[in-house]
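This report looks at how strands and helices are arranged in the structure shown below, taking a helix pair to begin with and then the sheets.

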Amino acid sequence: MLSPISPRGYVPLRSRLLRRVLPLLLILIIGAVAFTVLDLHIDIGSIPSICSPTPHTPSSSDNKENIKLNIQGSDQDGAEDVSIVMAPSGQPLIPTVKRSPFSHLAVALKTGADTAIERVPVQVLTFLKDIENLLVIADAPNIQVGELHVHDVYTGLYDDGTRQNRYSKNAAIGHGLADGEDHDEHDTLHRRDQMAEGLTPDNSAQGWKLDAHKNLPGFKILYEKFPDAHWYMMIDDDTYVFFDTLIYALGAAGIDYRDPWYFGGANVFVGCDGVKKFGDGPLFAHGGTGILMSQGAIKKIAEPKQFRSCVKKYRDCFAGDVRTALCLRDVGVLINRLAGFNGMPANAEYNWWGIGPGIEKPNNNKTAPPPNAVGPCARPLTFHHLLARQIQKLYRSAVVAKERYRSSWLEKQKDYIGGETAAERGNFTDWDLAMSSGIPPGPTFGDLFQHSVLPFLPERHPILSDWDVDADYPGLKNIRSFVIPVTADLSKRENNSASGTVSKDNAARKCRDECENDPQCVTFVWDGRTCWLKGGVGSKRKQNNPGSGFVAGVFPHKYRCP
């Protein structure tokens, strides 16, 4: 049948052009809309998970739909490119940040030729995957880990071309130890008990000996590569860091990154800089637990003249983290307190009491750090001496925790943005960055214990027993203690109502019952006279003398954050 357009069925040229052009125009329009959405940096795929149903009380601000606050920073690095979107009435806040909350953090991962392939991949695929400013450093050239560029910070460090420092007890005597003192360099600094599961460093390996030479040049290269970062951190290839908790901790500390700050797990040493007695030298941040310093601090030791001076002056010091502390000391920077750096792995032998940085609100008292959090609801910053499978367990626990805390922290963030905003104050702090990031902090000690330790214990592990004779759990913080008078004749099983005493066996059971009924108690120890109630889980110590009178037990499922 002929078309009504033309007696001959011929379609005019203009109609044919429209048919061809219209689909192209439609494609261009759709592309422009998609580009606009992407340019706003709104992750549409993540909105349903962020916008989980959350209790919300309508307010006058809810009448304004899709309010966008463009917060411009006023620091020396220029404006922060941050948008905060207020969702329609009745919906929770959707914070969107064009820059990652970790964009002001630069991290150096310290590895070696002997360990890079075995350890680095699991770190890069888990907790380091969101770190944009990452530098991997080692002690030799041509180390390959996938597509990662590993920087050799050792070759050419010394003008004489030395490839290694010689480590022996005889050499150590000439470098600050008392003559004839039998001193193990590794034990000075890194001594620790053997663990049921964890990485035991081999201090006889060449990689451990060369490790001391990496810290100072590693920090210098890290600063040169990322000069605009606010915070700089160096970790080992058997370390785990909860960076989400770290950004909240730094924000809560209320400090300025342009000032010199130096944080980490504080330790003492002998054997460097003429120090012969523990405590005589400056405290140093233990490298395995993570060394953290501000832009104001790293600038001082990365300055070329100061750097060359420190490399030469402390060349014979046996530990790179001690060299770093000594170099910082020389420019007037000493370590500051920040809880949460742990030198042990998160396993069953760890003392699960829990102490971490306060992160609930920013610190308004600039003369003192924010108060620490303690117990199972405290959050760690780092763990050390971890196996690859332990790193994977911690990462999985962190993912579960994020989902658990997402809705409650969205409420905190909504309340915070709804009040005194960073735009109103005219500046944009680390706390603003954390609170506008849309991410919750990392897991608590209780989360980690319940998800990465308890499910993997063997059936007869001591932690799973609430009655263990001749056992003790030292080193845990006591909640409270009290004396239970016992009968004079310890062979008697009955209580003596006249004297108000109980049998030894019943006294131990009374101690156990007190712990079971106390919401804060996780472990009890009865020493034959006193009942000790403890708020954590630790490593059991068996009493050497049978019949010592000690009875101890653990209620592991109680160690959790409500």
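## Helix packing and sheets

In this predicted model, the axes of helix α7 (residues 215-225) and helix α11 (residues 320-330) come within 8 Å and cross at roughly 65°. On the α7 side the contact involves Asn215, Leu216 and Phe219, which meet Gly320, Asp321, Arg323, Thr324 and Cys327 of α11. By character, the residues of this contact of α7 with α11 divide into three nonpolar, three polar and two charged.

Turning to the sheets, seven strands form an open sheet with mixed pairing, in the order β6-β7-β5-β4-β8-β13-β10. Its edge strands, β6 and β10, each pair on one side only. At the β6 edge, two bridges join β6 to the antiparallel strand β7 (residues 148-152), and Val145 has Leu148 in β7 as its bridge partner.

An open sheet of five strands, with antiparallel pairing, follows the order β17-β23-β20-β21-β19. Here β17 and β19 are the edge strands, each pairing on one side only. Within this order, strand β20 (residues 523-526) and strand β21 (residues 530-534) run antiparallel and are joined by four bridges, with Phe524 standing opposite Leu533 in β21. Helix α16 (residues 504-517) lies across β19, β20, β21 and β23, and runs at about 160° to β20.

The edge strands of the two sheets are listed below.

| Sheet order | Edge strand | Edge strand |
|---|---|---|
| β6-β7-β5-β4-β8-β13-β10 | β6 (residues 144-145) | β10 (residues 262-263) |
| β17-β23-β20-β21-β19 | β17 (residues 468-469) | β19 (residues 478-483) |

Methods. Residues are numbered from 1 along each chain as its sequence is written. This is a predicted model: local features need pLDDT of at least 70, side-chain atom pairs count only at pLDDT 80 or more; totals for chains, interfaces and linings use all residues. Side-chain values use heavy atoms; hydrogens and water are left out. Two strands pair if DSSP finds at least two bridges between them. Axes are lines fitted to C-alpha atoms, for helices over the stretch in contact, and angles run from 0 to 180 degrees between N-to-C directions. Contact means heavy atoms within 4.5 Å. Ala, Val, Leu, Ile, Met, Phe, Trp, Tyr, Cys and Pro count as nonpolar, Asp, Glu, Lys and Arg as charged, and the others, Gly among them, as polar.
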